[in-house]
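Reader: I am new to this and would like to learn about empty spaces inside a protein. Could we look at one together?

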Amino acid sequence: MISIFKSRKNIQCEWKKKTIEYARSVNAYVENGKNKGWENAGKEPKDNGRDKLVPRFLDALRAANLDGEVEGFRKDWPLAHSPFYSILGENGQSIPEISLLEDGTIVARIGSCYEDGYVVEIRNSAIRKLDDVSYFGKSYDKKYFAFTSIDGITVTEGWMGKAVGNFRYPRKNEGVPREFNLPEGDEISDPTKIIPFPKGDKVLFISSEGIFVLSNTGSTRLLPTEEQISDHFNWLQEECPEDELSLGLSMEHGSVSPCGKYIAVGSQDGSHLVFDEELNLAADIGNMSEYPHYALFSHDGDMVAVNSCHFYNGMTIGVETKHFPEFKTEPYDEHEKVQILEDGSRVYAGVSRDDEFIVGNAGGYVIAFGKDGKEHWQHFIGSSIGDMDISADGKSLICSTHAGYLSVIELDNVEREPYEIGTGNNSEVRRWVFWKNEAEPLQW
């Protein structure tokens, strides 16, 4: 028994030592890259052999969760990501929607939007699966939440509160020019994202078959636009006359401004479009990288930030909404009214506070920058970021990833642990691991 204990203790000490060493080397590499240029940063650090320790780590993590000793576990087994590369393919899963409620409860959708996922509530250390909820969305201020159902989208005031609206799903032929005689078809009931408007009277419905605004009077298609549909269908009829006419979007995304005045949408094919509250086109912003991928409004609604990407890289630019309507730029146009906010990231999620944007990218980094394009800090979690939310006071940030992590990061004037990779005064204080092959979620 003594030899077994020593063996476990040695493995734990090796994990901790190597994790701190790895974080130190990555932080030094990033600092050199930023100060001296990436061509002079040296070789990017590789994981230092912790992968062979993963089986013993998992045994210890499961035991700590079973025994209720999670608080002390991380001091001995600090956070890491790269040691798990070889097992994430069979274990990792997307967490595409999360929200931090006023009382500290976290709600999360587990599983990609196209999978048979589920929703959980996390209160302190207790995790409860909600059998009657499969997908949800939130308004900017979290006054309203939207839920999918068999009949359509239900909007409630507060989380699971009083229903204030019910909206039918859009149909596949809505917004299609009549000359194409597209059948009405089925309802589109599998959204990528649903966002209630600030008054709870409308919902932005984002899906791979179109982006719509749902209201009591019906639904209005924003994407593809009528012009895009006509061009696409004319091309199909000419080049592929035997094919059935159909619509589809890739990299579909959208955002509603805090006051509901503007709606920013986009997809892989096209530019960044902004509509006003009457659903008239207010801005057509040319992408600065290959494909439009994400949109986010500032906390005060005075700027829209839009990201376009190419593979795992990309660029985020900002345009002040005072320049709307009738604002247009061409792709790759270095316009005087277009501010480069961040150059390098393919953005998957974001929040804003004061004059700061905080985004999560494909490389697992959370990056904060101002409206002037100056970087404030960055913090590494690992894997592509899935979704983000922030507390009302702007001090607690929650992030999910495609690896199945759900992290809580305390922001500002918090001492960063020696095993953490980043540049700011922020620290991740809790991580949940939702892995497919684990019997239960694990706290870390």
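Author: Happily! A cavity is a set of grid points where a 1.4 Å probe fits but cannot get out, and its volume is the space filled by probe spheres set on those points. In this predicted model, the second largest cavity has a volume of about 40 Å³.

Reader: How many cavities of 30 Å³ or more does the structure hold?

Author: There are two of them. The largest has a volume of about 140 Å³.

Reader: What makes a residue part of the lining of the second largest cavity?

Author: A lining residue has an atom within 4 Å of a cavity point. Y294, A295, L296, A305, V306, N307, T316, V347 and V359 line the second largest cavity, so each of them meets that cut-off. Strand 17 (291-297) and strand 18 (303-310) each give at least two residues to this lining.

Reader: Why is Y294 counted as nonpolar in that lining?

Author: Because Tyr is on the nonpolar list, as are Ala, Val and Leu. Asn and Thr are not on the nonpolar or charged lists, so N307 and T316 count as polar. The split is seven nonpolar, two polar and no charged.

Reader: And which residues are closest to the centre of the largest cavity?

Author: Of its 16 lining residues, these are L79, A80, F380, Y419 and I421. Helix 1 (2-36), strand 25 (375-380) and strand 29 (427-433) each supply at least two lining residues, and helix 1 has the largest share, with three. This lining holds eight nonpolar, four polar and four charged residues.

Note on methods:
Residues are numbered from 1 along each chain as its sequence is written. This is a predicted model: local features need pLDDT of at least 70, side-chain atom pairs count only at pLDDT 80 or more; totals for chains, interfaces and linings use all residues. Side-chain values use heavy atoms; hydrogens and water are left out. On a 1 Å grid over the protein atoms alone, a cavity is a set of points where a 1.4 Å probe fits but cannot get out, and a pocket is an open set with protein on both sides within 12 Å along at least five of seven lines; lining residues have an atom within 4 Å of a point. Helices (H or I, at least four residues) and strands (E, at least two) are DSSP runs, numbered from the N terminus.
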